[in-house]
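Open the model in your viewer and keep the selection panel at hand. We will make a few stops.

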Amino acid sequence: MADQNHELRRAGLKVTLPRVKILQILERSKDMETHLSAEDVYKALLDAGEDVGLATVYRVLTQFEAAGLVVRHHFDGGHALFEVSQEEHHDHMVCLESGKIVEFFDEAIERRQQEIAEEHGYELVDHALVLYVRPKGSDAPR
Ligand SMILES: [Zn+2]
């Protein structure tokens, strides 16, 4: 809890109970490499016996995003998913069958993206790469 207080202050946010609780939940999910929707966060709060409304969850997540504490992802067809900002860059793979999200990092891809931007006369500032996948051997239609 002390960690979260510190992080909130460092991000320029006042320490409030909902903010601390929501940050805790997001950080726990980071250890499990999952990405949570606002509804997931809301349910986790309920499970923990915390009385925080869904509207508050949305508001706090938006504040976190603006403060750079969390990143919001809009994967194909799904709800917005949130994860705690990480210093190390990673890209994502989304399984269309299970909804499972896999994080990966590939140096060759990173390098190629930079080269391609440069070939077009640009400097790469940021990128988000998402691979939509399904288990090998399954022929489920998309
Ligand atoms: Zn991620």
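The tour goes from the metal site to a strand pair and then to two pockets.

This is a predicted model: local features need pLDDT of at least 70, side-chain atom pairs count only at pLDDT 80 or more, and totals for chains, interfaces and linings use all residues. Residues are numbered from 1 along each chain as its sequence is written, and side-chain values use heavy atoms, with hydrogens and water left out.

**Stop 1: the zinc ion**

Select the zinc ion. Which residues coordinate the zinc ion? They are His35, His90 and His92 through NE2, and Glu83 and Glu103 through OE, with Glu83 listed twice, at 2.0 to 2.4 Å. Donors are N, O and S atoms within 2.8 Å of the metal (3.2 Å for Na, K and Ca); water is not among the atoms, so sites may look incomplete.

Now look at the angles. The six donor atoms subtend 55 to 170 degrees, which makes the arrangement irregular. Six donors count as octahedral if opposite donors are over 155 degrees apart and all others between 65 and 115. Along the sequence, the donor residues follow the spacing H-x47-E-x6-H-x1-H-x10-E. Glu83 lies in strand β2 (residues 81-84) and Glu103 in strand β4 (residues 101-104), so the pair ties together parts that are 20 residues apart in sequence. Strands are DSSP runs of E, at least two residues, and helices are runs of H or I, at least four, numbered from the N terminus.

**Stop 2: strand β2**

Are Glu83 and Glu103 buried or exposed? Both are buried, meaning under 20% relative accessible area (1.4 Å probe, protein chains only). Colour β2 by residue. Leu81 and Glu83 point one way, Phe82 and Val84 the other, and all are buried.

Add β1 (residues 70-73). It pairs with β2 in the antiparallel sense over four bridges; two strands pair if DSSP finds at least two bridges between them. Find His73: its bridge partner in β2 is Leu81.

**Stop 3: the pockets**

A pocket is an open set of points on a 1 Å grid with protein on both sides within 12 Å along at least five of seven lines; lining residues have an atom within 4 Å of a point.

Select Val71, His73, His89, His90 and His127. Among the 19 lining residues of the largest pocket, these lie nearest its centre. β1, β2 and β3 (91-95) each supply at least two lining residues.

Finish at the second largest pocket. Its lining includes Glu7, Arg10, Glu27 and Lys30. Helices α1 (2-10) and α2 (17-31) each supply at least two residues of that lining.

Technical notes: Tetrahedral: all angles 85-135°; square planar, octahedral: opposite > 155°, others 65-115°. Buried < 20%, exposed > 50% of the residue type's maximum accessible area, 1.4 Å probe, protein only. 1 Å grid on protein atoms, 1.4 Å probe; cavity = no way out; pocket = protein on both sides within 12 Å on 5 of 7 lines; lining within 4 Å.
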